[in-house]
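Here is a friendly walk through one protein model, from a single loop residue to sheets and helices. Keep the viewer open as you read.

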Amino acid sequence: MTMFSTGILVLTSPLHTLPLRIAPVLSSAAQLVERTLYVHLHPGLNLGSGSQPRPVFIPPVVDLSALITRLYSNAADVCGHLDVRVLLTNVRAQSAACSGTTIPNCPFPTPQSLCHSPEVVLTDFPLQDPGQSHQVTQCLQRYTGHCYVCSPSLQSVLLHPQLMRLQEKEEGLKESEEKAEPLETYSDVVVGGTFDRLHGAHKTLLNISCLLANRRFLIGVCDQAMLKKGSTPRRPLKSIFFPALEKVLKELVEPYSLRTQRLQEFVEDIKPSLQVEIVPLDDPYGVSVVDPLLECIVVSEETRKGGLAVNKKRIENGLPALVLHEIQLLKDAHHTETEEEKISSSSLRSRLLGTLLTPPKDASHIAPLPYVIGLTGGSGSGKSSIARQLEALGAVRIDCDKLGHEVYQPGTAAYHRVLEEFGSDLLNGDKTINRRVLGRKVFGNQERLKALTDIVWPEIALLVKNRISQAREEGKQVCVLDAAVLLEAGWTDMVHEVWVTVIPEEEAVLRITERDSVTPEDALRRLQSQWSNSKQVRHANVVLSTLWEPEVTRKQVLKAWNLLQKRIQHRQERHALVTTSSQL
């Protein structure tokens, strides 16, 4: 079966029957489209009349809003891998359609360009006569080409054979005789959020906001600085747009520029006529409390109280209150015990743990085996417990903390150089170096600390290389370099991949105080002297977290290990292929 990167689905069924059809239609479409699926709504479109139908405006009604919610909910359940986008260019109140022109219905004066050009057009149109198949597909192609800029080789597919089983159920549905309830629309609409890894719940919020907005759509987006403000356990920062900014795995939140770019592309696709303004949120309210032109704010069930708080602030500022339009939260049918029941970015980020986030850098300067993982993380992050789990799975663990003790032993090169640099008053009675005394000499003095690490780190690196060579001679496949200073010391040139373990700062403080019997202030100072989670994650190929129960961590590590084995196997197969080709 031919697969297409991008497709467009033209839904022709009446609104009252579409809810029954959405899931099977999307399931059928997912067998043909693998990346982006646009959805164009034209209830009642007749592709089999013999004459060429034209696109018309359809009015915004309450049923349409409910349909959009249902569509994204079903999409998350049956085709979560697809980027589904419901297009609204042809949705407008009749009184507003084509104002100032002589054409009564003209949603597409010229074909609309989309971010991704459709290669195939699909439809749920019920074919009554199989002999009409060619005529209907040709009619569908012409109709779609009138609406959107498509691939020159656009193909069309009728999904009706897969939908035949629905006909009996649909026959029992009678279209309501009552006139469809119109949806109240507004000139200027505002929403806000983090919008990390744009998912079905985000798209529902954005689509319905676009449905409500006639002129301007204002989107407040939480920036990186705003995320950082919510990191203290004693004062969690709340926002009107999201219940708490203590985001789970906030280190994995996409950069602000990428999130806004994806938002812009999405909204331009679904309703290009809108004036779209995307602004950073640098406080819990944003521009929603100062913009006099705003008329409506779109909230969810969990942010309704925030919407009320916005109106309180607006009234204090002498501005009219906004209409609160509330949408439903979408349930996540695939959530685990540690994830939220709703579709959320936090769940999506947690599913990234253990997976390859960025491809490894070129490591052709080191031997292909053993494959070396550089594992690092801040104090209290659980890095060493993960290293021990990887060791149990078959990896050779190289403990850099132990090697650090070795380089200070009497008689070593580092031993003599440290005494020369810092003085013989470091010595214990047995001639060993008192590392606590040494620590006091370098604490808070970056210049003296650098003098020490310039002596010690290269010596540790030599011991690491010796351990890796020993593992190679023993035929080992994987080594794990357990190193708190992997990145600071520049040891990434010894590893194939960098794995980073992260936990929230407040959790790390609790663990350090319990483990080392120090004050929370001392624990915090220790953490702040190290690289931040975010800085470490920027260098990571794989990220792990021990924030949850040990069993959750175990599954996470096992996933990471299994995926690693596949990468190593693929690498070996590719190397063997190259070697064979060079010998021909």
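## Backbone notes, strands and helices

Lys431 is exposed, with a relative accessible area of 52%, just above the cut-off of over 50%. Please keep in mind that this is a predicted model. Lys431 sits in the loop that links α13 (413-422) to α14 (435-442). Its backbone deserves a look too: Lys431 has a positive phi of about 75° although it is not a glycine. As background, most residues other than glycine have a negative phi.

Leu249 also has a positive phi, near 55°, and is likewise a residue other than glycine. You will find Leu249 in the loop between α7 (224-229) and α8 (256-270). Is Leu249 buried or exposed? Leu249 has a relative accessible area of 8% and therefore counts as buried, the limit being under 20%.

The table puts these two residues side by side.

| Residue | Phi | Relative accessible area |
|---|---|---|
| Leu249 | near 55° | 8% |
| Lys431 | about 75° | 52% |

One more backbone feature is worth a stop. Most peptide bonds are trans. Leu369 and Pro370, however, are joined by a cis peptide bond, with omega about -5°. Pro370 belongs to the loop between α10 (345-352) and β11 (371-377).

**Around β14**

From that loop, β11 leads us to its neighbour: β11 and β14 run parallel and are joined by 5 bridges. Within this pairing, Thr376 has Val500 of β14 as its bridge partner. β14 also pairs with strand β15 (residues 542-544), again in the parallel sense, over 3 bridges. Here Thr501 is partnered by Leu544 in β15.

How many of the 5 residues of β14 are buried? For strand β14 (residues 497-501) the count is 5 of the 5, so the strand is largely enclosed by the rest of the structure. Both of its faces are covered: Glu497, Trp499 and Thr501 are buried on one side, and Val498 and Val500 are buried on the other.

**The pair α16 and α17**

Two packed helices are described by the angle between their axes and the distance between the axes. For helix α16 (residues 505-516) and helix α17 (residues 520-528), the angle is about 120° and the axes are 9 Å apart. That angle falls outside the 65 to 115 degrees counted as roughly perpendicular and is not over 145, so α16 and α17 are oblique to each other. Their crossing is right-handed. On the α16 side, the contact is made by Glu505, Ala508, Val509, Ile512, Thr513, Arg515 and Asp516, while α17 contributes Pro520, Ala523, Leu524, Arg526 and Leu527. Sorted by class, this contact of α16 with α17 has 7 nonpolar, 4 charged and 1 polar residues.

**An open parallel sheet**

Let us finish with a sheet. Its 5 strands follow the order β3-β2-β1-β4-β5, with parallel pairing, and the sheet is open. At the edges lie β3 (83-87) and β5 (155-158), each of which pairs on one side only. From one strand to the next, the twist averages 20°. Inside the sheet, strand β1 (residues 4-11) and strand β2 (residues 33-41) run parallel and are joined by 7 bridges. In this pairing, Thr6 stands opposite Thr36 in β2. Helix α2 (residues 62-78) packs on the sheet, where it touches β1, β2 and β3, and its direction makes about 170° with that of β3.

Key
Residues are numbered from 1 along each chain as its sequence is written. This is a predicted model: local features need pLDDT of at least 70, side-chain atom pairs count only at pLDDT 80 or more; totals for chains, interfaces and linings use all residues. Side-chain values use heavy atoms; hydrogens and water are left out. Helices (H or I, at least four residues) and strands (E, at least two) are DSSP runs, numbered from the N terminus. Buried means under 20% relative accessible area, exposed over 50%, partly exposed in between (1.4 Å probe, protein chains only). Two strands pair if DSSP finds at least two bridges between them. Axes are lines fitted to C-alpha atoms, for helices over the stretch in contact, and angles run from 0 to 180 degrees between N-to-C directions. Angles under 35 degrees count as roughly parallel, over 145 as roughly antiparallel, 65 to 115 as roughly perpendicular and the rest as oblique. A crossing is left-handed if the near helix is turned anticlockwise from the far one by less than a right angle, and right-handed if clockwise. Contact means heavy atoms within 4.5 Å. Ala, Val, Leu, Ile, Met, Phe, Trp, Tyr, Cys and Pro count as nonpolar, Asp, Glu, Lys and Arg as charged, and the others, Gly among them, as polar.
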